[in-house]
Amino acid sequence: MTAWRFLVLGPLEARRDGEPLALGGPKQRSVLALLLLEAGHLVPANQIIEHVWGVAGAEGAQASLQVYVSTLRKLLRDPEAESDDRLAFVRPGYRLRVAPGELDLQEADDVLVQARELRAAGDLAAAAHLLRFGLSLWRGRALGDLAELPAFAPLLVGLDRRREVLRHECYDVELDLGRHLTLVPELEAAVAESPLDERLAGQHMVALYRSGRQADALSAFRRTSDLLADELGIDPGQSLRSLHEAILRQDISLDPGLSGVEVAATMTHDDRGVRGATLTLPNGVALELGSRTWVVGRHPDCDVVLSDPKVSRRHAELRPVVGGYDLVDLGSSNGTRVGTDDITKHRLEDGDEVEVGTTQLRVHLPA
């Protein structure tokens, strides 16, 4: 059986039985990259042309696209497969099929979902191991070899964001595990690479403080604050300011023994939500809702990531309000239901059965 591997988390590559394939020039490579980013989904031809040529109606683009697709179809043909349906024309565009384990981007997205489930279940060590594996899938900037195409470059921003989410999640878990001493050098390098990332700055400050370096943690805050003012003309956000205040007063919530505590959430009193309220997922994991907003959807940036194809990328939110929670549909394709009722905004009650796409979630609100 032929082994295929498609790599977008770094320079674009396609390998057959471990051997790299010659993918052609930048435009043909970009066509393949776009199809891989939406693997399994129809990508309209006009959308491909707009991203690769820069203009939806570029002269000669339609004919060139057909040539590129024909070349790629031959290149990706599996000599051992009975049917040649990997790259198919589906009006009004094209769809590229990949099997589980063939595309590194899908692997990274799956890692994030699984790691969040493990974290919610309390298995932090397994979650950290998975997240480290996910980060190892990156071989540099995702599709960095295609950044010279101006119309293609905006797509790379979303890929960069996926790496940031994975990295943030990994550092959170490892801080919960008490690995602050070993994290300090890595966090220093990460902050140098992304100096305006306030979440990274906060993680760096926590690691320094827990390593007995309170003065360095406060200096790190001042550097970030100055950079935000100079580069963007803004002050640090509430979470980072609250963390700074907590370090100044040596707040007990910062102690490494409080594994699993979300530091920023302990800084100020918040009477929204219900103590002990949970959202139970289909796998039986119960998430404690607390006083934060939970975004439910298919995109890996969401707080609750569902693989259900009927779920929109950002489908719904659970928003804490005084004494409870509001469920708000975010303009999803297939709607959000509580019981049998389609809702736009709904005040949740204990025992409510929430249907997102075809996925059932259950709300528990203690009296």
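**Figure 1. Leu 143 sits in the loop between α5 and α6.** This view, like the others, comes from a predicted model. The α5 helix spans residues 124-136. Which sign does phi take in Leu 143? The value is positive, near 50°, in a residue other than glycine. Most residues other than glycine have a negative phi. Is Leu 143 buried or exposed? Leu 143 is buried, because its relative accessible area is 0%, and buried means under 20%.

**Figure 2. Leu 143 also belongs to the largest nonpolar core.** This core holds 55 residues. Leu 36, Ile 48 and Leu 143 touch the most other members. Elements that each supply at least two residues include β1 (4-7), α2 (45-53) and α3 (61-75). The α1 helix gives the most, with seven residues. A separate core of 24 residues lies apart from this one. Among its members are Leu 281, Val 285, Val 296 and Val 356.

**Figure 3. A closer look at Leu 36 shows its contacts beyond its neighbours within four places in sequence.** Which residues does Leu 36 contact? They are Phe 6, Val 8, Leu 12, Leu 96, Val 98 and Leu 103.

**Figure 4. Asp 17 is a second residue to view for its phi: the value is positive, about 50°.** Asp 17 is not a glycine. Its place is the loop between β2 (13-16) and β3 (19-20). How accessible is Asp 17? Its relative accessibility is 47%, so Asp 17 counts as partly exposed.

**Figure 5. A cis peptide bond runs from Arg 91 to Pro 92.** Its omega is near 10°. Most peptide bonds are trans. Pro 92 lies in the loop between β5 (87-90) and β6 (93-96).

**Figure 6. Five strands make an open sheet.** Their order is β10-β9-β11-β12-β15, and the pairing is mixed. Why does one side of β10 and of β15 lack a neighbour in the sheet? Both strands stand at the edges and each has a single partner strand, so one side of each is left free of a neighbour. The β10 strand covers residues 304-305, and β15 covers 345-347. Strand β9 (residues 294-297) runs parallel to β10, and two bridges join them. Val 296 has Val 304 in β10 as its bridge partner. Val 296 also appears among the residues of the 24-residue core.

**Figure 7. The whole structure has one cavity of 30 Å³ or more.** The volume of the largest cavity is about 40 Å³. Which residues line the largest cavity? They are Ala 108, Asp 109, Leu 112, Trp 138, Arg 162, Leu 166 and Pro 300. By class, this lining has five nonpolar, no polar and two charged residues. Both α4 (104-120) and α6 (153-176) supply at least two of the lining residues. The largest share, three residues, comes from α4.

**Figure 8. The second largest pocket holds about 780 Å³ of space.** It is lined by 29 residues. Closest to its centre are Gln 106, Asp 109, Asp 110, Arg 298 and Ser 307. Asp 109 also helps line the largest cavity. Which elements give two or more residues to this pocket's lining? They are α1 (26-37) and α4. The α4 helix gives the most, with eight residues. The lining of the pocket divides into 14 nonpolar, seven polar and eight charged residues.

Definitions and conventions:
Residues are numbered from 1 along each chain as its sequence is written. This is a predicted model: local features need pLDDT of at least 70, side-chain atom pairs count only at pLDDT 80 or more; totals for chains, interfaces and linings use all residues. Side-chain values use heavy atoms; hydrogens and water are left out. Two strands pair if DSSP finds at least two bridges between them. Helices (H or I, at least four residues) and strands (E, at least two) are DSSP runs, numbered from the N terminus. On a 1 Å grid over the protein atoms alone, a cavity is a set of points where a 1.4 Å probe fits but cannot get out, and a pocket is an open set with protein on both sides within 12 Å along at least five of seven lines; lining residues have an atom within 4 Å of a point. Grid points are joined across faces, edges and corners, and a volume is the space filled by probe spheres set on the points. Ala, Val, Leu, Ile, Met, Phe, Trp, Tyr, Cys and Pro count as nonpolar, Asp, Glu, Lys and Arg as charged, and the others, Gly among them, as polar. Buried means under 20% relative accessible area, exposed over 50%, partly exposed in between (1.4 Å probe, protein chains only). A nonpolar core is a set of buried Ala, Val, Leu, Ile, Met, Phe, Trp, Tyr and Cys residues joined through side-chain atoms within 4.5 Å. Contact means heavy atoms within 4.5 Å.
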